[in-house]
Amino acid sequence: MSVDVLGSSSTSGRAAPGRVRSLVVLCVMQLMIILDATVVTVALPTIQGDLGFSQAGLAWVMNSYLIAFAGLLLLAGRIGDLIGSKRVFVAGLGLFTAASLLCGLAGSSEVLIGGRFLQGVGGALASAVILGMIVNLYPGPGEQARAMGVYSFTSASGASIGLIFGGVITQTVGWHWAFLINVPIGLTALAFASRFLAQEKGLGLGKGADVLGAVLVTAGLSLGVYTIVQTAEPHATLLRTLILAAVSILLLAAFVLRQARIANPLLSLHIFRKRQLTVANVIVVLLFAAGFGFQFTTALYVQRVLGYDSLTTGLAFLPAPIMNAVMSLSIAPRLTVRFGPRTMLKAGLAAFLVALLWISQAPVDGSYVVNVAPVLAVMGAGIGLAIPAAIMLAMSGADAKDAGLASGLNNTAQQAGAAVGTAVLATLAASTTTNRLADGASDVLALRDGYSVAWITAAAFVLAALLLATVVGRE
């Protein structure tokens, strides 16, 4: 990718080098967020030993971040519309960097969990406005397709790169550096963001400073995510889960009712009248549910069934980011311009579906060359086609004044999908394994059967997204 491709003249009025530098800053922040989540996943066993976490408590290293991140995304996106995206992005980047330092220096479980929560807040503020800023930087269809390809590569491949990086960093310099590495990167990104990102004038807080609505939607989304993640805890019961889910739904329903009645809503409900935007975001939920759940269960299969260590597991995932880079950075933008994002979305989903059905048949004594590497390659190619297309369809359905809101909504869909997918597939895998063990199956066979059920379920998510993709774009 060259500067003149992404920096060609457009109606945005920004000089080519400035636009490219702005895109780099935005993608660096997104990469930090994605890398942080996956690097920490690999480092969890070491963190547990060093800080004395219980098994249930260890989950909160991830959950505290996820609850803050997913709960605040929608609100953060709207704040970006009201006070300007640059202010929100810089504030989020600064908080994320400071919280990373706190996590890296943590000497107790309480400090680490608190730092992770602050990371989630900072990540939500920055991430919520990134898509809207990219759309404003690159409004032309061709250049926007290329810019979205760069963004989607950062998001999709960052997870696989994080597994590789996490294995290396944990086994060499220690888990603390999984967080500390963000500090110099974040400070550098802050310097570039302050210089190169354009300062937009927001609509003003009077156009949508709905404090009560902000409390309702943040509490509802956060509780909804908590309801999902707590299902894996020992004390979770069906009654408890149903009560929490009901309260979450009531909070969100109250928020929607309020938005329909006030003059300056935090979330203008008219945005959902755009069928393309709404359906595309549902597809994003399903796509990220399948993608993150697939990555989680496949990493466990490679480690617990095939017997790989953390470093080898990370390296095993290399085909995914390589193919994703080839597709999203080079091939997908050209194909999108020629055939349109809806066609690319369907092609990418079809490839991902093939990969999931393929790995669902992986045996206990599976071969990396036959059962893992080609699956990851096909999955990487499919994601490289599908994610930028889905995001383009979702963002193109919003007006310019709602760019921040649409960006926050899309990021919320991504995080909700990731949370739901990981929780659902992990729970299905675990319950299937338990049942197979009770039937007398060996440990390894029971594990394999559990992961197979999870992969088939992920395939059902992708199939549903593929069916919905036939609707997108037919306004």
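## Report on a predicted helical chain

At a relative accessible area of 25%, Glu 200 counts as partly exposed; this term covers values between the buried class (under 20%) and the exposed class (over 50%), with a 1.4 Å probe and only protein chains considered. The model is predicted, and local features need pLDDT of at least 70, side-chain atom pairs count only at pLDDT 80 or more, and totals for chains, interfaces and linings use all residues. Residues are numbered from 1 along each chain as its sequence is written, and side-chain values use heavy atoms, with hydrogens and water left out.

Glu 200 belongs to the loop that joins helix 9 (182–196) to helix 10 (211–229). Helices are DSSP runs of H or I with at least four residues, strands are runs of E with at least two, and both are numbered from the N terminus. Apart from neighbours within four places in sequence, Glu 200 contacts Ile 83, Gly 84, Ser 85, Lys 86, Arg 87 and Asn 136; a contact means heavy atoms within 4.5 Å. Of these partners, Arg 87 is 113 residues from Glu 200 in sequence, while the two C-alpha atoms are 8.8 Å apart.

**The chain as a whole**

The protein chain contains 18 helices and zero strands. Of its 475 residues, 56% are buried. Among contacts with a separation of 6 or more, 83% are between residues 24 or more positions apart. The chain exposes about 18200 Å², and carbon and sulfur atoms supply 69% of that area; accessible areas follow the Shrake-Rupley method with a 1.4 Å probe, and for residues only the protein chains shown count as cover.

**Two buried residues in helices**

Thr 97 lies in helix 5 (residues 85–104) and is buried, with a relative accessible area of 5%. Beyond residues up to four places away in sequence, Thr 97 touches Met 32, Asn 182, Val 183, Gly 186 and Leu 187. Ser 248 lies in helix 11 (residues 238–261) and is also buried, at 5% relative accessibility. With residues up to four places away again left out, Ser 248 touches Gly 220, Leu 223 and Gly 224. The C-alpha atoms of Ser 248 and Val 225 are separated by 9.1 Å, although their positions lie 23 residues apart along the chain.

**Helices 15 and 16**

Helix 15 (residues 341–359) has 19 residues and spans 27 Å from its first C-alpha to its last, close to the expected 27 Å at 1.5 Å a residue. The expected span is 1.5 Å times one less than the number of residues. The buried residues of helix 15 are Met 344, Leu 345, Gly 348, Leu 349, Phe 352, Leu 353, Ala 355, Leu 356 and Ile 359. An α-helix has 3.6 residues a turn, so residues three or four places apart point the same way. The buried residues of helix 15 pack against helix 12 (275–305), helix 14 (319–339), helix 16 and helix 18.

Helix 16 (residues 368–396) has 29 residues and reaches 40 Å between its end C-alpha atoms, close to the expected 42 Å. Because 23 of its 29 residues are buried, helix 16 is largely enclosed by the rest of the structure. Its N-terminal end is capped by Ser 367, with a side-chain oxygen 3.3 Å from the backbone nitrogen of Val 369.

**Salt bridges**

The whole structure holds two salt bridges, each defined as a side-chain nitrogen of Lys or Arg within 4 Å of a carboxyl oxygen of Asp or Glu. One joins Asp 449 to Arg 436 at 2.6 Å, N to O. Asp 449 lies in helix 18 (residues 443–469) and Arg 436 in helix 17 (residues 403–438), so the pair ties together parts that are 13 residues apart in sequence. Asp 449 also forms a salt bridge with Arg 448, their closest N and O atoms being 2.5 Å apart. Arg 436, Arg 448 and Asp 449 are thus linked in a network.

| Residue | Relative accessibility and class |
|---|---|
| Asp 449 | 13%, buried |
| Arg 448 | 17%, buried |
| Arg 436 | 25%, partly exposed |

**A nonpolar surface patch**

Leu 102, Val 111, Phe 117 and Leu 118 form a nonpolar surface patch with about 300 Å² of accessible area together. Patches consist of residues with over 30% relative accessible area and no salt bridge, with like charges joined within 9 Å and nonpolar side chains (Val, Leu, Ile, Met, Phe, Trp, Tyr) within 5 Å. Helix 6 (residues 109–137) gives the most to this patch, with three residues. Phe 117 lies in helix 6 and is partly exposed, at 40% relative accessibility.

Methods: A polar contact is a pair of N or O atoms within 3.5 Å; within protein, one must be able to donate a hydrogen and the other to accept it, and residues adjacent in sequence count only if both atoms are side-chain atoms.
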